[in-house]
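The following note sets out points for a colleague who is beginning to read this structure. Please keep the sequence and the model open while going through them.

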Amino acid sequence: MTTTNESTGTVPVSARRLTRQRRVAAWKRGWAQFRTHRSGMVGLGILVFFVLVALLAPILASSQGLDVTTANGPVLGAPSGHYLLGTDENGRSVLTLLIWGSRISLFVGLLATLISMVIGTLLGLVSGYFGGWIGRITFRLTEWFLVIPFLPLAIVLASVLGRSLFNIVLVIGVTSWPGTALLIRSQTLSIKERAYVERAEAIGAGRWHQIGKHVLPNVMPMVFANTTLTVAIAILSETTLSFLGLGDPTRTSWGSMLDSAFEIGSITTGSWWYIVPPGVCVVLVVLAFTLIGQALEEVLNPRLRARS
Amino acid sequence: MALGLVLGSLLPAMALGSTAQAKDKVVFHVGILGEGVDSLNPFLGFQAPSYEMWGLTYDYLVGYSMTDMSPEPDLATKWKTSADGRTWTFTVRSGVKFSDGVPLTAKDVAYTYNRVLHGTVEQSNWLSYLTGVTSVTAPDDTTVVMKLKKPIATLPLLPIPIVPEHIWKNVSEKDIKSYAAEPSGGKPVVGSGPFRLVQGTADGSTFKFEANPDYWGGAPHLDEVIFQFYKNDDAAVQALIKGEIDFVEGITALEVKSLQGQPSITAHNGNSPGFDEIAFNAGSIDVKTGKPIGNPNPAVLDPKFRHALGYALDLPTLIKKVYQGGGLPGTTIVPPNYKAYHWEPPADQKFTFDLAKAGQLLDEAGYKKGSDGLRTLPDGSPIGTLRLAARSDSPTSLHTMDYFKQWLSDLGIKSDVSTYSSSQLTGVIYKGNFDAFQWGWYVEPDPDSMLSYMTCGQRNGSSDSWYCNKAYDKLYNKQHVSTDQTQREAEIKQMQEILYRDSPYLVTAYSSIGEAVRSDRFACLVPQPNPGGVWLEQYGVYNYIHMKPVSEASNCDSATAGGELSGAVKATSSSDSSSSTGPFLIGAGVVVVLLLVAGGITMMRRRTTVGDRE
Amino acid sequence: MSLVADPGLVSESEDVQTRTRGYASYLGLKVLGAIGSLMFMLVVNFFLFRVLPGDPARTLGRGRLTTDAQKAAFNKAYGLNQPLPEQFWTFLKNTAHGDLGISIQYRVPVSHLIWERLWPTVLLVGTSTILATVIGVYLGIRGAWKRGGRFDKISTSLSLTLYSMPEWWLGLMLIAGLGVGFWFVPGIFPTGGLHSPDVNPSSLHGILDTTWHLVLPVTTLTLAYLADYSLIMRSSLLDELGEDYLLTARAKGLRDVQVRNRHAVRNAMLPTTTIIALNIGFVVSGAITVETVFSIPGLGLLSIDALQAPDFWVLQGFFLVASAGVILANLVANLIYGWLDPRVRT
Amino acid sequence: MTDPSLLEIRDLHVTYATGEGALPAVRGVDLTVDRGQIVGVAGESGCGKSTLASTILRLQPVNATVTGEVRFNGRDILTMKWGELRAVRWAGASIVFQGALHSLNPVHRIGAQIAEALHVHSSGLGETTVTGRIDELLGQVGLDPERARAYPHQLSGGQKQRVMIAMALACDPELVVADEPTTALDVMVQAQVLSVLSDLVRDRGVGMLMISHDLSVLADLCDRITVMYAGRVVEEGPAAKVFADPLHPYAGALSAAFPRVGDPAARFAPAGLPGDPPDPRHLAGGCSFAPRCPRAADVCLPAEPELVTYAEGRAAACVRIGEPRSPAERSRDHHA
């Protein structure tokens, strides 16, 4: 055991560098291909814009604007020179809420996706790589979680755990991993058949070592493409849960803005500036992630590339 | 040609639609927002709209006045109390019939009360009104005799619907917990009220009532009342604007404001007998051992500290910003709706938004500012951070606490707002793990039960502030058995004064309910209490009986008391343009469009087979 | 790797036998899998609701259940005083008999509530699913067949935008536009409800009225589902386009539409049908937001009511029905797939 | 003028538009097939022979631009109306595709797939007529007529290829194009399928264009052989002559390769020929075979050689034909 580890540890120093170079080249090639996808580039543009807005929120609008106690705008005031997108029912600037809401929406989307990716990739790798009962059990588990209806579970968990940002992240993370797991599983199964994994097995490399060395790097591109699509779904889910009143009431997200707008009857009061912009932002960000995800899938999946 | 066929086949449908409309029934469509009817069985339901349904279906022994909800004759035409106050004799109106023709007698009244006294599930709703009653008997068809251990000051108010014995005796103790009491087989629910429920089930969204032409109080001016429950404000308000409904209840103050601009609609925020408060942990203990439980901050246990904070609440700002104008600044736990019982603090005692005064009071009580600008406990140790709890399902709750936090920080007190769902907060309160929370109560016409929640005995029961004051309890027990109304009112006011001083609750607002009516169609609705009160969810059924379609509303008569009812809704001109055939034309139009699309797709399929390029 | 087999080498009877065995075991496996999932959901369902915070008796009885005796009576009446294992056993037994408990809020059997509320949801979601399937599949086929064309570009970007849109927000926009009206557009559709309060829904009159009320919610859901279906159909069909058998079909002299409909679409429908059938499983839960926005008294609105109460028994029943629906649809999707695809069927 | 040839291809150019530039797959090919004649087209993968096959029935992908003429019975298929074209497809000329494993629709029974071709080209056929015809066809290719009810996945590779052949003959075409009909089949099966195919074609006296990478197979079956390289015809002549005595160095390499029947590797690079076929997008000019040619010289570089007739019925496109070989070249040839 030890000798093999040493041999794999010492011999391929140059090989490792070669691998790294190959990967860098692959990434470069991928980027070149990605750039040819107009829709993917549009998505990237939109995303960069919103990420900048989220990062620069403190510069763009003071967080004081989120505090109802210091808000002194008119109640549901129409857009004006001072309040570009009008005010909400507490006299806060809708634009400020929108800017700060982007943080929560993106944060929840990314964190939930991270959870989903970690669980999904891990279980997908295990169920794909290991045969026998471990593989079977993890596969069953994936199938079971696949049939849990998302919204009902979210509603139930919210009534069990209470309403908080963390719960939203948890619910989305926990319900969205099975799709990833199945994808990773099928990728792993096909990679496992490939020669170099068999070869590694022949020289007696440990299983986890093989997973880390050979399988994982090869499924990573798929995980990456899948991630962007999952973020889109996670952001949509966050918006929906917040709208149903399951979100954290102390934080402003686009979903919670829409919830408030709906609750105070903004259609009747004609305050379109309160109900339209958050929705448009959600559509744009989700669209951005979806476009990027699709473009990535086509870049990374040769079969899809061939057909278009 | 296909189009013609479709249209032709739809014509009879439209004709049918118009004939159905042609019948000149006066139908009052009510839209209610929020919670629905949870049960039509008066022994089971908890929610406000259920009470409304029972009110139309059944009668009560004693009614409520429109001005201040004081007792008025209803099924009982008169009542008298024995000298020791322990025997009440009610004379029941004769000639009252249930909707199935069976006469309603004193026996039905006694049956209903006894079912509560000796039942299980029945007790949960109504026992509190009969606590201390030893027996209820009906010596003859027009007399009900009620024997008590001690006098009960809340009598004769008894908001228990009188159910027909001949129906309910067949409902066993086991069955009652799922007995629906809904119309079945086309037969309405049996009751003696002014309306009969002909259609509707507990979880449903539509309830249809038909007028009871034989109602002892005179036939209503409405032929039907239909309740429609909405979850979405916009849907309800738009239905009102379009004339699909005639009344909407439970809209926001902002919506009331926008509806007040409509000529055909009259809208208002009716004062409802409820209040919102910031409650403190006044001393959570294990009621069995008397040992403190939970971890309240020592500061909030001190009445002086709590009282000082009363001057740190800018209530007008709260009403304007948090309540969007729907509500009134609050003072005590008995709302001003109940004129007889409400104690209004005199100017020198009344809280005003005065941070300097609050600071001064805190200084006097020993909560001085330390070197870091934060106030300390009298022993000099830091107060730390007060934990303010808000309910996650209520933005009002959260924003009230946000403001409170701000004002506390202005005073040099740190605090933190966290949110809980209502059921979670209940748990937190019972464990005593809080310093303050925001919630509210609905107060009944007799404030006795509300006052009882602040007694020592209610700790770990209905008390949520863990407040306990022997002097208060003594007054409570005294008024509870009082037979002298004037003296009782004085005692109740004194109790409010004690509470105001000890401040387990800082009452922030008296709530209001947004209501709007199509005053181009219906008029003569009177608020309860008059003036300033609500039109719909009242004690009693006055408006359902006395409101009129505008065509008959030249003068709004007052069946009860002379010219008192001046606040009635007046008829306004109509700006109604929606035609009742609109829906059917559009429905038909949609069907036609669907058929055309289907036909178009089929034809396109045929055509594409001709175009055959690759 | 068994391509070597020559015609004469495999006997007919043996061939048939392996085929039947394959189908039977396919079916059996799928049914077993479904039963396994169902058991898992039952366990999840039970324990999820036993770790709930708060005391239902207290929550519901705020201000009313004043004495301990009253509370005890309440707990006893609703079976809250049994030990946990016993509660689980009772739960399994009752669920098997279709008894999902009694709603704390409405005091009627949960099964009755769910059964009653199922129909508005089925009407709403069923209509939308049918419309979305027809339109979505059509758009997907047309787009993929002439991929990169103007039609494809428009329909794909439309589908992607709709896909990125929270469906309830779309519903709100439709209410604002066509329910309330704006500019010179009149609000000709109702903003909520299943039908007008005073019509008999089973009369012709009532049916037209219901149609009128359902236009906006059905449009909303149709657009939401349609986005999914057209994208799925498009990508399934694109997957088929490179296939050799299409070239064969064309070489045979078939018209373009015949090649498309008889060959390409027929094959592309396999994954699409599966996904649509699967989606129907999520139907029960999928309409929660749209029912909320349009005040349609279906299962979704019931669950939101139950959440606000909170009525744990209704939530539990709803969750059970929702997941059972998904499992059933999953099974049906598998069976349909097996039925449509001879490679599985035979 | 006498009767036109069955198939006459003149100066055919096919260019694909790709993301990375125009890809000329076929560059000026001339080819003739007469009735009853079997013509072979040989070449490596990517030499344009499959493109040629699909262009004959105008089945090229949408991104292909085609110029030149493809005359079938004298009528230009490339400019035909769609309706006429459909009539020619299968009834006039049918194709047995490369990779028959996927050329059958997996969700239809094979009987139905054969019947479809029959129905398309003769409307109003009775059900019994069709069934009888299918039975007959399946019988002719040595399959049990019962198999008509089978789905493609229930058949072996050889069986599927036979079904394809049966289907190709269903409408009694005058021309059969067979595009690598035996690739991916087992050696034994390959031989069987080829014999079935050639027997049927000869019996019916129809013309056949047979495409293969395997010169030896073509030499056995065909009357004439055309060798293609990088989209151009480099040699054309009687089958036996081309195989036994190739004029063009590439044909020589193919012939020398003697690929073992069924060896998949042989498809991609004839044994002994170094390097890969050129990328048609980036042709350097001059003889496109020059970079791999053992006899390449400066004279090969300025222009692409024309196809020149060297003997009766034999033509090749190489400027160095007839030049004496240097010893070094000879030894290299020998080595190969």
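1. The structure is a predicted model. A suitable starting place is B:Pro529, which belongs to the loop of chain B between strand S18 (522-523) and helix H17 (542-546). The peptide bond that joins B:Gln528 to B:Pro529 is cis, with an omega of about -5°.

2. A further backbone feature of chain B concerns B:Trp466. This residue is not a glycine, yet its phi is positive, at about 60°. B:Trp466 sits in the loop that runs between helix H14 (448-452) and helix H15 (470-480) of chain B.

3. The next point is the division of chain B into domains. Domain 1 is made up of 19-58, 193-269 and 534-613, domain 2 covers 65-168, and domain 3 consists of 274-445 together with 504-510. The reader should note that domain 1 and domain 3 of chain B are each written as several segments of the sequence.

4. How do domain 2 and domain 3 of chain B meet, and how many residues of each are in contact? Five residues of domain 2 of chain B contact five residues of domain 3 of chain B. The centres of these two domains, taken over C-alpha atoms, are 40 Å apart. Between them, domain 2 and domain 3 of chain B bury about 430 Å², and 57% of this area is on carbon and sulfur atoms. On the domain 2 side, the residues that lose the most area to domain 3 of chain B are B:Asp68, B:Met69 and B:Tyr129, which together account for 79% of what that side buries. The number of salt bridges between domain 2 and domain 3 of chain B is zero.

5. Salt bridges do occur in the structure, with 29 over all chains. In general, side chains of opposite charge can pair when their charged atoms come close. One of the salt bridges joins the side chains of D:Arg292 and D:Glu44, with an N to O distance of 3.0 Å. These two residues lie 248 residues apart in chain D: D:Arg292 is in the loop between helix H10 (264-268) and strand S11 (308-311), and D:Glu44 is in the loop between strand S3 (38-42) and helix H1 (49-56).

6. The last point concerns internal space. The count is eleven cavities of 30 Å³ or more, and the second largest has a volume of about 100 Å³. Its lining comprises 13 residues, with B:Thr331, B:Leu499, B:Tyr500, B:Tyr505 and B:Val507 nearest the centre. Helix H16 (485-502) and strand S17 (505-518) of chain B are the elements that each give two or more residues to this lining. What classes of residue line the second largest cavity? Nine are nonpolar, four are polar and none is charged.

Key:
Residues numbered from 1 in each chain as written. Chains lettered and ligands numbered in written order. Predicted model: local features only at pLDDT ≥ 70, side-chain atom pairs only at ≥ 80, totals over all residues. Heavy atoms only, no water. 1 Å grid on protein atoms, 1.4 Å probe; cavity = no way out; pocket = protein on both sides within 12 Å on 5 of 7 lines; lining within 4 Å. Points joined across faces, edges and corners; volume = space filled by probe spheres on them. Helix = DSSP H or I, 4+ residues; strand = E, 2+ residues; numbered from the N terminus. Nonpolar A, V, L, I, M, F, W, Y, C, P; charged D, E, K, R; others polar. Domains from an automatic or database assignment. Contact = heavy atoms within 4.5 Å. Buried area = accessible area lost by both parts, 1.4 Å probe. Salt bridge = Lys/Arg side-chain N within 4 Å of Asp/Glu carboxyl O.
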